Amino acid sequence: MSKKYEAFPGMEDLLPGQIETWHYVEDMAQVFFESRGFKEIRTPVVEPTELFVRSIGESSDIVHKEMYTFQDRGGRSLTMRPEMTASVGRSVIEHGLLKTTKSLRLYYLAPMFRAERPQAGRKRQFHQIGVEMVNETGEQADIEILTTLYYYLRAVGVTAFELRLNDLGNSSDRAQLIQTLTDYFRSHLSELCDDCKRRYEQNVLRVLDCKIQSCQPVINKIPWEALSPLSQEFKNVTAKLDHLAIPYKINRRLVRGLDYYNGLVFEVGSGLLGAQDALAGGGRYDGLYEQLGGQPTPCTGFSIGVERLLGVLEKEQNPLSVRVKCKRLYAALLDDNEQVKKSFFELTFAIREKCIHVELLPGEMSLSKHLKRANQMGIRFLIMLGAQELQSGKVILKDLNEKTQREIPMEECPDYVERMLKG
Ligand code: HAM
């Protein structure tokens, strides 16, 4: 018997029937980010290993134990990207993109690879939708990045989420913070778990991520205001968020798992996700481009985990499947007459030219079978055309959710449907 092959654990196929929800969040990202001046960038899946070691940091979990790294036939060490920020930086520097413009706004939709132990919400191949604002500094840029994330999540339909913020200070503040925490934990080492003792040696900031109960009293007693007060710039950003009525929580333990951050860092968590509750994360990274051999370039950005986003949207009150249903159209041909068929195909092609997804089943003439099929496919709107409709010059549009229908003049139908589905 021949061997049956299966996808590698933690790497999943996306099948017809599942992909529609992906198109929904990706299409929304494209429209939403482009309307805010972001342009798409695509970079290779594989990069020189050194790029990630230098940027994400040797002691980070990602570099330490999660990278898919291999040698190619020429003996070069290559890594399948675990994230995009470093790749985008490499690309901007390599192509001198900042020579012709002062700043850049970039976005991406791409697969990432991390060799983690697969579990709910934690994959080895996962996808991110992300944006990077390159060479933009100050509170205005921080607000822009936070509002882009917040309003995108709202636009796709996430209502239940928490925006968490922290201030890591500038790069010398960060070095100072590491020193101060090292001093603080040194006097409490005996109260920490073995993992934390290791983290203390390798990267003291990681102690703040510890979930072990016995470590919490020490971590919770860190005198933050004395050790690392919030900057005025950070307070100005939170004041602006208050003004915009965007809710947030300050979490002084939020240090993020990648070493390139400074200043404002943030994460979005959702109670609908379970243990892996981070839906998105990001922050400012002003030193990365210099580290990669470029000029000093202040940047900020974020990435959203698409699998987690879809997980949240399915659990929302108005689940994603309901919203996706509204994006497609089913067209039912009701007569085998040549004249009706000609008009039917002219009409459906005119609608498809508007980039609307039209499902049809040309050989079937029975309305009840068309309705059944549209329902099975999860499509909400159906147009139908038979000899009677052709004679009156009006197409019937049915809303299968609301169980209503209306007549639309045939020549107005493509524009009408476009306004209805895209509006
Ligand atoms: P990150 O926090 O490592 O940040 O990842 C961002 C998001 O990717 C997470 O919040 C999560 O939703 C998703 N994610 C991460 N690992 C997995 C996994 N194993 N399985 C499923 N989803 C996962 C970054 O990657 C930074 N590059 C973000 C950034 C952009 N900072 C500045 N610009």
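This is a short dialogue on reading a few features of the predicted model shown above.

Reader: Happy to start with the overall picture. How many helices and strands does the protein have?

Author: The secondary structure comes to 17 helices and 16 strands. The C-alpha trace spans about 85 × 65 × 50 Å along its principal axes. Of the 423 residues, 49% count as buried. The protein exposes about 21,100 Å², and carbon and sulfur atoms supply 50% of that area.

Reader: What share of the contacts with a separation of 6 or more comes from residues 24 or more positions apart?

Author: Those residues account for 68% of such contacts in the protein.

Reader: Now to pockets. What is the general idea, and what volume does the second largest pocket have?

Author: Rolling a probe the size of a water molecule over the atoms shows where empty space is left. Here, the second largest pocket has a volume of about 420 Å³. Its lining is made of 21 residues, and E12, K123, E307, L310 and G311 lie nearest the centre. Helix 1 (19-35), strand 6 (125-134) and helix 12 (306-315) are the elements that give two or more residues to this lining.

Reader: Which element gives the largest share of that lining, and how does the lining split by class?

Author: Helix 12 does, with 6 residues. By class, the lining has 6 nonpolar, 8 polar and 7 charged residues.

Reader: Good. How should I read aromatic pairs, and how many are there?

Author: A pair of aromatic rings is described by the distance of the centres and the angle of the planes. The count for this model comes to 13 aromatic pairs. One of them joins F33 and Y107, with 5.7 Å centre to centre and 55 degrees between the planes, which makes the pair tilted. F33 lies in helix 1 and Y107 in strand 5 (residues 104-113), so the pair ties together parts that are 74 residues apart in sequence. Both F33 and Y107 are buried. Ring pairs also link F32, F33, F38, Y107, Y152 and F302 into a cluster.

Reader: Y107 has caught my eye. Which residue of strand 1 touches Y107?

Author: That is E40, found in strand 1 (residues 39-40). Not counting residues up to four places away in sequence, E40 touches Q30, E34, Y107 and L109. E40 counts as partly exposed because its relative accessibility is 27%, and the cut-off for buried is under 20%.

Reader: And a buried example? Where is Y285 placed?

Author: Y285 sits in the loop between strand 10 (278-284) and helix 11. With a relative accessible area of 1%, Y285 is buried. Leaving aside neighbours within four places in sequence, Y285 is in contact with T85, E132, Y260, Y261, N262, T297, C299, T300 and G301. The C-alpha atoms of Y285 and N170 are separated by 9.4 Å, although these residues are 115 residues apart along the chain.

Reader: Can the same reading be applied to a whole element? Why is helix 2 described as largely enclosed?

Author: In helix 2 (residues 49-56), 6 of the 8 residues are buried, so the rest of the structure largely encloses this helix. The buried ones are T49, L51, F52, V53, S55 and I56. These residues pack against strand 2 (46-48), helix 3 (61-65), strand 3 (68-71), strand 4 (77-80), helix 4 (85-94) and helix 11 (288-291).

Reader: What backbone angle does G57 take just after helix 2?

Author: G57 takes a positive phi of about 105 degrees there.

Methods: Residues are numbered from 1 along each chain as its sequence is written. This is a predicted model: local features need pLDDT of at least 70, side-chain atom pairs count only at pLDDT 80 or more; totals for chains, interfaces and linings use all residues. Side-chain values use heavy atoms; hydrogens and water are left out. On a 1 Å grid over the protein atoms alone, a cavity is a set of points where a 1.4 Å probe fits but cannot get out, and a pocket is an open set with protein on both sides within 12 Å along at least five of seven lines; lining residues have an atom within 4 Å of a point. Grid points are joined across faces, edges and corners, and a volume is the space filled by probe spheres set on the points. Helices (H or I, at least four residues) and strands (E, at least two) are DSSP runs, numbered from the N terminus. Ala, Val, Leu, Ile, Met, Phe, Trp, Tyr, Cys and Pro count as nonpolar, Asp, Glu, Lys and Arg as charged, and the others, Gly among them, as polar. Buried means under 20% relative accessible area, exposed over 50%, partly exposed in between (1.4 Å probe, protein chains only). Contact means heavy atoms within 4.5 Å. Accessible areas come from the Shrake-Rupley method with a 1.4 Å probe; for residues, only the protein chains shown count as cover. Rings of Phe, Tyr and Trp (its six-membered ring) pair if their centres lie within 6.5 Å; planes under 30 degrees apart count as stacked, over 60 as edge-to-face and the rest as tilted.
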